[in-house]
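Visitor: Could you walk me through a few side-chain details of this one? I would like to start with an aromatic residue.

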Amino acid sequence: NHPLSPFVECEQRGACALVRSRGLRQKTEERAIKERRDVSLPTRALRTCLLAVPCTAPRRFGFLWRGVITRGEDFGEESTDPLFCVWNCRASVWPGLSVGMPELPTSSGGMRERKAGGARENGGEAATTASSDDAGAAPSTKGHEREEVDKSLKYRKLFRKVGQASLFTVRAASVDWKSINGVPLKRRVETFCVLLWLLGLAVMPLLTLALTLVTIFATPLSPFMIAYVTWALFVDKSAQKGTRRRPLSRLSVWNHIRDYFPIRLVKTEELSPTRSYVFGYHPHGVISMGALINFATFATGFDKLFRGINVHVLTLAGNFRVPFQREWILGMGLCDASRETCHNILSKGGGESILLAVGGAEESLDAFPGKYRLTLKNRKGFVRVALKAGASLVPVMSFGENELWQAIPNPVGSKLRTFQEGMKKVLKFTFPVIHGRGIFNYDFGLMPYRRPIHTVVGEPILIDAAFDIGTDEGRKKVDEVHALYIERLCEIFDKYKAEYAPGLELEIK
């Protein structure tokens, strides 16, 4: 009946719980030491990766986060560092990971409190053990512990990378149900169409090549497939002459892709349908989305704004060596980006024109949001093509092309940039390492962001006659027209940047 008896009873229960906790910790450590002999480094990495998935999940995976936390000790203040969670959950979930692993520092006080509490709990036990040990055994024990710590530090970078990779996977596959609810059907259709387009670019070459091989070697249709492949690779010259019609440019799916961003075409000057033109598209961006929608389709009304002009977007020749995919892009008016193709198309006259992303793959490596860095100072090949054919030059500035994805920084001299440039030399193309939004979330994924693209078609630089670019006079003319082209392009940027790119500047390298 004493008024303090409940508190005394609670203190006794707490003491019993503390004894049980010490026994459990001792058993855990013994089991970990025993298991460590059979735990290899790849196994540790795999376990850490699996553990990092719930630990690095965003808020919508909070139930997983709490489930992992409650299986371990009381962490005090929860940390948002995924590596911190992996490091501190390992003892409770997989004890084999905890042996020889140093504690990581953290800004929160939870780890410091745990260390201090552990020292207070184990103080008497540690003192008894130290008094009974041999004096000569202490240096050996300390050396062994230091060796274990040094060895474990070698793996620290590996565990950090595994945790980051797990974070990437969880964020990319996550679903934000709150953002999905209430989304209009029209926007869902737009997202689906963009997804199909991107999957077609990435997956269709592999699928068509596999289908071709299976048809040739495992079906009775092999004679027909062999005949088609022979015709496509050696007989048909549509990719070099631009003779195909463009029925796929009028498909309604392009309207949904246009509205996803949205993409708009801005006309500044009339273009005579009796001339041929070389359109220079800037910047290249990641995949020149504005060039494809504005000039390879009629979704933004190019055929109505510039009547009588038939423009062919030029792309890599390798795209026309993939069976079935070549029929798709030929049906949109795309052609092979070679000098022969340029000459064949421009020599027709009567509005037959070409479009080139002048900066090419080199410029795509500088496709960062908020920057307009163009590779143009030494790019004079498109000017030579225009002068040789007597075609007029049209500068095109696409505001927002670089805003669609976020690229990983790749400064000149970095390992990533060196790899990308080496890939360009070997394969003739390269690409930046990018990420964007997800299919069902707005945070992370590989889908492009919904950011507007405004493509401004500038005033043409009229070329009235063909020039012999092999002479001194021709080379001088190339330099003059190239300088004038850069000047006109800068004028377009300065005129429209206040509306489409406020606060940004144009850099030409």
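Visitor: Is Trp231 buried, partly exposed or exposed?

Guide: Happy to help, and please note that this is a predicted model, where local features need pLDDT of at least 70, side-chain atom pairs count only at pLDDT 80 or more, and totals for chains, interfaces and linings use all residues. Residues are numbered from 1 along each chain as its sequence is written, and side-chain values use heavy atoms, with hydrogens and water left out. Buried means under 20% relative accessible area, exposed over 50%, and partly exposed in between (1.4 Å probe, protein chains only). Trp231 has a relative accessible area of 34%, so this residue is partly exposed.

Visitor: Which class of aromatic pair do Phe279 and Phe302 form?

Guide: Rings of Phe, Tyr and Trp (its six-membered ring) pair if their centres lie within 6.5 Å; planes under 30 degrees apart are stacked, over 60 edge-to-face, and the rest tilted. For Phe279 and Phe302, the centres are 6.3 Å apart and the planes are at 70 degrees, making the pair edge-to-face.

Visitor: How buried is Phe279, as a relative accessible area?

Guide: Phe279 belongs to an aromatic cluster with Tyr277, Phe295, Phe302 and Phe306. Its partner Phe302 is buried at 1%, and Phe279 is buried as well, with a relative accessible area of 0%.

Visitor: At what distance from the ring centre does Lys371 lie over the face of Phe368?

Guide: A charge sits over a ring if NZ of Lys or CZ of Arg is within 6 Å of the ring centre and within 35 degrees of the ring normal. Lys371 lies over the face of Phe368, and the distance to the ring centre is 5.7 Å.
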